[in-house]
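Please look through the sequence and the model below before reading the report, which goes from charged pairs to strands, nonpolar cores and one loop residue.

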Amino acid sequence: MKIIKKIFIGFIILVLFLSIGVWIYTLTLKPTYNGEIQIKGLNAETTVFFDDIGVPHIYASTNLDAYKALGYVHAQDRLWQMELMRRIAPGRLSEILGEDLLSVDMFFKGIGLEENTEKVIETMDKTSLAYEYAVVYLDGVNQYINHGSTPIEFTLLGIEKESYQLEDILNVYGYMAFSFAQAQKTDPFLQDIKDRLGNEYLEELQIKIDNSSTLIRNHKPEESTLAISIGVDEILQKIPVPAFIGSNSWVIGPEKTKQGKVLFANDPHITFAQPSVWYQAHITTPNYEMYGYHLALTPFPLLGHNRDYAYGLTMFQNDDLDFYFETENPNNPNQYLRPEGYADYEIKTKTVKVKDKEDTTFEVKYSKHGPIINDLIESVAQTKPMAMQWAYTTLDNRVLDVTYGISHSKSLEDFRKSASLLHAPGLNMMYGDAEDNIAWFAAGKLYSHRDSINTRLVLDGASGKDEIQDFIDFDDNPQAINPDWHYVYSANNQPDSINGKFYTGYYLPDDRAKRIQQLIDPKHDWSVEDMKNMILDDTSSKATENLRHVLPILKKLTLSDNEKEAYSILNNWKGDFKMDKVAPTLYCKFLNEFMKNTFKDEMKNAYDVFLTTQLQKRMINAQMTKVQSIWWDDVHTDYTENKSDIVEKSFKNAVAFLENQFGQNVSEWTWNKAISLEHGHALAAGGEILRSFFNVGTFETNGGSEVLNNQIFNIEDSGIYNVIGGPSTRRIIDFSDIENSMSILPTGQSGNVFSEFYGDQAEKFVTGQFVKMKMNKEEIQQSNNKLVLKSSY
């Protein structure tokens with residue numbers, strides 16, 4: 001017994017010592033929010049106050065010191081996120097995450113982002129403030145890398161820390177730009193629909209065809225472009241960092257506000273993840289102040305405000321990426337046809353390092369139009385070479401200058417000039433200021449082709465007829481400055497015409513845009529509380545309209561008791577996606593069945609890609625309003641189905657599914673049981689232990705797809721709608737009381753799992769609360785978290 005007792009006591013002591021060791025180890029991994037730190041190269045002592053949500057308020061004697069301090073504190077909270085973000089564009093994820101990411105790396109290695117970064121750095125003005133501030137910011141980041149603690153993710157994966165360079169900043173911008181593009185999977189998908197089904201099907205997807213030309217209908221399934229769409233979609237799904245999806249913003253002029261000053265709102269929609277996308281920081285120097293929202297490893301905020309002006313972004317959704325079929329020389333696979341004859345491909349050898357595996361080496365061909373995508377996606381059987389021409393890599397790239405400019409503007413005209421420098425990605429830049437100005441600029445280098453061409457399909461690379469003909473001057477880009485209606489907005493919808501023509505793009509439906517107008521137009525006394533209520537609004541402007549086109553069909557049917565109750569609920573619904581409502585659950589399941597029964601039989605494997613495009617969202621309203629459509633018929637039956645057949649089948653299937661999922665009591669089919677939000681970490685796929693350790697959530701939430709409180713999910717067969725994206729922040733800036741402007745993040749300010757600010761805003765976010773964006777120095781200095789950075793000279 002004594003031996004057993006000694007063993008037991010020894011075991012308890014061992015566990016105790018291990019626990020103390022783990023506790024001490026985790027303490028060393030926490031960010032430093034208090035005390036003093038020696039920093040090389042500071043001109044003077046710099047003080048950082050961290051407020052009650054972990055936002056650093058940096059007080060420095062010079063801008064150079066401020067940006068060095070920003071780099072240091074940004075790295076201590078977000079180094080793991082920086083590491084992931086910088087590795088995507090140059091194809092270096094497999095190096096740390098293994099061969100599952102090899103397809104991602106091969107794709108990004110080949111599309112030209114690395115070469116574009118090299119070109120930008122070579123031509124960059126090394127005397128500009130944008131360059132100088134970026135360099136000192138990097139120095140701050142690298143000083144943390146060299147002397148700060150190592151994030152636990154690095155330890156778990158065995159990653160050796162490396163100093164970051166300017167190309168890493170630009171590579172983050174490169175990935176951001178690519179995640180904005182929609183054509184990479186939409187254009188090959190539409191080409192497949194045209195080739196397999198013909199123009200009539202394509203035109204009903206709202207894709208115009210030049211009917212003056214005679215088009216030969218192709219049918220070579222093994223040559224389908226669909227494999228490229230599927231391949232790109234699979235690559236995008238594997239990327240372990242958030243993608244940009246959409247956004248809302250509106251700026252209300254003083255004529256329509258209660259206090260007679262500008263009110264500004266912005267909530268960019270981005271894939272939910274942990275860490276969340278934005279890092280907030282407030283910089284104050286004798287000649288500069290900015291409260292900004294930074295992407296990982298970027299010195300200049302993409303969203304920001306100070307006492308003089310506020311700015312924000314939404315996705316423009318313009319078409320800045322074109323695919324071209326190249327005609328290969330049958331006698332020389334290294335040549336392709338141009339109008340003047342055959343030209344040589346440029347051939348580059350690329351190498352991807354893979355963790356615990358041998359390096360993978362491959363060749364990529366480049367035509368005049370860009371990389372041959374067939375070389376970059378393994379699953380593609382398409383033998384006809386298809387090149388990708390993307391404005392971001394082919395036009396002059398001045399993204400660093402743009403981000404510096406919009407965050408250091410002195411006037412509306414300054415801001416406009418900076419916006420005009422952006423060539424890609426296309427962004428709606430929103431602006432409001434203390435001088436009562438409001439503005440919206442659709443920024444990006446727009447261009448045109450010949451009138452009859454359809455850039456939503458794959459173009460002809462050999463003839464020379466499908467090349468870009470001219471570029472549009474920025475003065476002719478869509479924009480509005482102090483309009484007579486006294487507000488500007490953007491919700492990723494189609495902008496007004498340019499010189500009598502609508503610019504081609506991948507615009508989202510006008511559901512949110514219509515709701516914005518419905519709410520703003522009649523009201524002339526807007527307050528901050530009104531703006532809060534609006535940004536959280538969960539009523540669809542189109543759902544009840546869609547139902548008006550199908551409910552009369554259901555009213556004529558013989559229905560079961562549950563079907564009658566479901567019909568009554570939908571008939572009386574106001575379109576609000578609230579957790580305690582049954583109608584959203586019914587509506588979304590009906591949508592799932594309706595879209596599947598309408599499109600899947602003809603689209604076949606293309607249907608899953610269709611569901612991931614903005615086109616699917618646009619087609620919901622368009623298809624429900626139609627009486628006649630070629631898509632109604634189910635090609636698997638001998639009977640020719642019509643709209644009534646599809647609506648009846650979809651409704652009855654939806655009710656039967658929900659009876660099986662949630663029980664026979666219709667009143668219990670509430671929205672909170674169907675919708676779920678979890679903020680996933682890149683390492684959560686490693687098992688339940690890592691998931692519970694790193695992830696934040698799950699949560700129930702109000703909101704739905706394409707409402708202002710946009711909770712983005714796929715309309716899946718499961719009947720469970722896992723939210724994949726939504727507001728990456730909600731910001732409301734009040735120029736009548738700038739120091740009490742409000743915001744919220746989906747999870748928290750820190751990406752360090754041991755920080756108290758890792759997920760402290762998550763509950764507030766789903767319950768519609770806000771926190772103050774502090775700018776009052778006296779209030780900020782009351783914080784208990786004070787970090788003093790001293791020069792080590």
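Are Lys596 and Glu593 buried or exposed?

## Charged pairs in helix H20

In this predicted model, both Lys596 and Glu593 are buried. The two residues form a salt bridge in which the closest N and O atoms are 3.7 Å apart, and they both lie in helix H20, three residues apart, which is about one turn of the helix.

Glu593 also takes part in a salt bridge with Lys589, where the closest N and O atoms are 3.8 Å apart. Because Lys589 and Glu593 are four residues apart in helix H20 (residues 583-603), about one helical turn separates them, and Lys589, like Glu593, is buried.

## A salt bridge between two helices

The structure has 46 salt bridges, and one of them joins the side chains of Lys652 and Glu563, with a distance of 3.0 Å from N to O. Since Lys652 belongs to helix H23 (residues 643-662) and Glu563 to helix H19 (residues 561-571), this pair ties together parts that are 89 residues apart in sequence.

Lys652 has a relative accessibility of 23% and therefore counts as partly exposed, whereas Glu563, at 10%, counts as buried.

## Strand S4 and its partners

Strand S4 (residues 244-252) is largely enclosed by the rest of the structure, because nine of its nine residues are buried. Eight bridges join S4 to strand S5 (residues 263-271) in an antiparallel arrangement, and within this pairing Ile252 stands opposite Leu263.

S4 is also joined to strand S24 (residues 487-490), again antiparallel, by four bridges, and here Trp250 has Tyr489 as its bridge partner.

## Two nonpolar cores

The largest nonpolar core contains 228 residues, of which Phe107, Phe108, Trp278, Met429, Met603 and Phe610 touch the most other members. Helix H2 (residues 63-88) supplies the largest share of this core, 13 residues. A second, separate core has 19 residues, and among them are Trp250, Ile252, Ile516 and Trp526.

Leaving aside residues up to four places away in sequence, the contacts of Met429 include Gly312, Leu313, Val402, Ile406, Trp440 and Phe441. As a general background to such cores, nonpolar side chains tend to be buried together in soluble globular proteins.

## A buried loop residue

Asn374 is found in the loop between strand S16 (370-371) and strand S17 (386-390). With a relative accessibility of 14%, Asn374 counts as buried, and its side chain reaches the backbone oxygen of Lys384 at 3.1 Å.

Technical notes:
Residues are numbered from 1 along each chain as its sequence is written. This is a predicted model: local features need pLDDT of at least 70, side-chain atom pairs count only at pLDDT 80 or more; totals for chains, interfaces and linings use all residues. Side-chain values use heavy atoms; hydrogens and water are left out. Buried means under 20% relative accessible area, exposed over 50%, partly exposed in between (1.4 Å probe, protein chains only). A polar contact is a pair of N or O atoms within 3.5 Å; within protein, one must be able to donate a hydrogen and the other to accept it, and residues adjacent in sequence count only if both atoms are side-chain atoms. Two strands pair if DSSP finds at least two bridges between them. A nonpolar core is a set of buried Ala, Val, Leu, Ile, Met, Phe, Trp, Tyr and Cys residues joined through side-chain atoms within 4.5 Å. Contact means heavy atoms within 4.5 Å. A salt bridge is a side-chain nitrogen of Lys or Arg within 4 Å of a carboxyl oxygen of Asp or Glu.
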